[in-house]
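Dear colleague,

Please find the structure below, handed over for your consideration. A short account of what was found in it follows.

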Amino acid sequence: MVRSLYTAHMGMVHQMNRLDVITNNMANSDTTAYKREGCTSQTFDAVMGIKINDCSVHYIHQPIGRMSLGVKVGETYTDYTDGNLEETGNTYDIALGGKGFFAISYADRNGNESIRYTRDGNFTVNSEGILMTKDGDFVLGEDNGLIIIPEGVKISVDETGRITGEGQEIGRFQLVDFEDYDYLKKFGENMYIAIDGATNTEPTCRVFQGYLEASNVNAVSEMVELIAIARDYESNQKVIQSIDSTLERSVGLGKMT
């Protein structure tokens with residue numbers, strides 16, 4: 001009977017985890033190039049209950065049966081499917097179609113610099129003509145150099161990421177891709193960090209100037225999922241209430257005897 005309490009409890013914990021993921025997706029449904037997350041569930045592995053310090057079996061630890069606590073939280077994964085391209089007409093709005101990322105020079109509060117990756121091409125130019133993200137991080141060109149736009153020059157970007165102005169090549173975006181996206185970790189500010197084991201590969205993306213990649217979150221699907229989570233959570237809650245009521249009656253009968 002008590003085992004059922006644990007099963008229902010773990011079901012509620014799983015639904016709470018799903019809720020966190022879904023609400024984060026919905027909050028970022030309008031974030032440029034955001035990639036939705038999902039979570040998996042799996043059954044608990046069989047657990048062997050053991051008699052411990054039981055004098056009836058001469059204090060020998062013995063199995064007393066197998067039990068399962070039902071569902072447990074699996075992994076949270078990222079869906080890297082492309083979002084739709086939305087035309088903005090802005091010179092420094094750059095979208096990627098296909099597999100690949102922009103390389104970004106990120107500096108933390110202590111001034112330590114490292115490379116991060118993003119698909120958010122909502123760029124701008126500072127007073128020195130350096131191409132930056134909307135959060136103030138530098139967009140990297142080939143050989144990890146900065147991309148500097150000469151004052152007053154109108155640029156154009158071709159599908160390979162080559163930047164030209166007045167017939168002259170100004171630079172080229174550093175585009176990066178990875179063999180296995182499981183080695184990418186979300187960092188914040190719509191960027192990713194490559195962890196140990198990440199292997200670079202040739203990007204196959206095309207570059208589109210005057211466009212931004214939309215989030216790949218489908219708000220309607222997420223709302224339907226949210227309703228299902230609420231119902232599943234409520235079902236587990238009712239199981240606990242039912243078991244609690246039964247236990248209360250059992251205690252009452254015991255007192256009567």
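**The hairpin of β16 and β17**

Leu184 has Ala194 in β17 as its bridge partner. Please note that this is a predicted model. Strand β16 covers residues 184–188 and strand β17 covers residues 191–194; the two run antiparallel and are joined by four bridges. Two residues lie between the strands of this hairpin, and Glu189 adopts a positive phi near 55° there.

**The largest pocket**

Leu184 also appears in the lining of the largest pocket, together with Lys185 and Lys186. The space in this pocket amounts to about 260 Å³. Both β4 (71–78) and β16 supply at least two residues each to the lining, and β4 gives the most, with four residues. Other lining residues include Glu37, Tyr80, Asp180, Tyr181 and Asp182. By character, the lining divides into six charged, four nonpolar and two polar residues.

**The surroundings of Gly141**

A further point concerns Gly141, which is found in the loop between β11 (138–139) and β12 (155–157). Is Gly141 buried or exposed? Gly141 counts as buried because its relative accessibility is 3%, and the cut-off for buried is under 20%. Leaving aside residues up to four places away in sequence, Gly141 touches Ile147, Arg172, Phe173 and Gln174. Of these contacts, Arg172 is 31 residues from Gly141 in sequence, while the C-alpha atoms of the two are 5.4 Å apart in space.

Yours sincerely

Definitions and conventions:
Residues are numbered from 1 along each chain as its sequence is written. This is a predicted model: local features need pLDDT of at least 70, side-chain atom pairs count only at pLDDT 80 or more; totals for chains, interfaces and linings use all residues. Side-chain values use heavy atoms; hydrogens and water are left out. Two strands pair if DSSP finds at least two bridges between them. Buried means under 20% relative accessible area, exposed over 50%, partly exposed in between (1.4 Å probe, protein chains only). Contact means heavy atoms within 4.5 Å. On a 1 Å grid over the protein atoms alone, a cavity is a set of points where a 1.4 Å probe fits but cannot get out, and a pocket is an open set with protein on both sides within 12 Å along at least five of seven lines; lining residues have an atom within 4 Å of a point. Grid points are joined across faces, edges and corners, and a volume is the space filled by probe spheres set on the points. Ala, Val, Leu, Ile, Met, Phe, Trp, Tyr, Cys and Pro count as nonpolar, Asp, Glu, Lys and Arg as charged, and the others, Gly among them, as polar.
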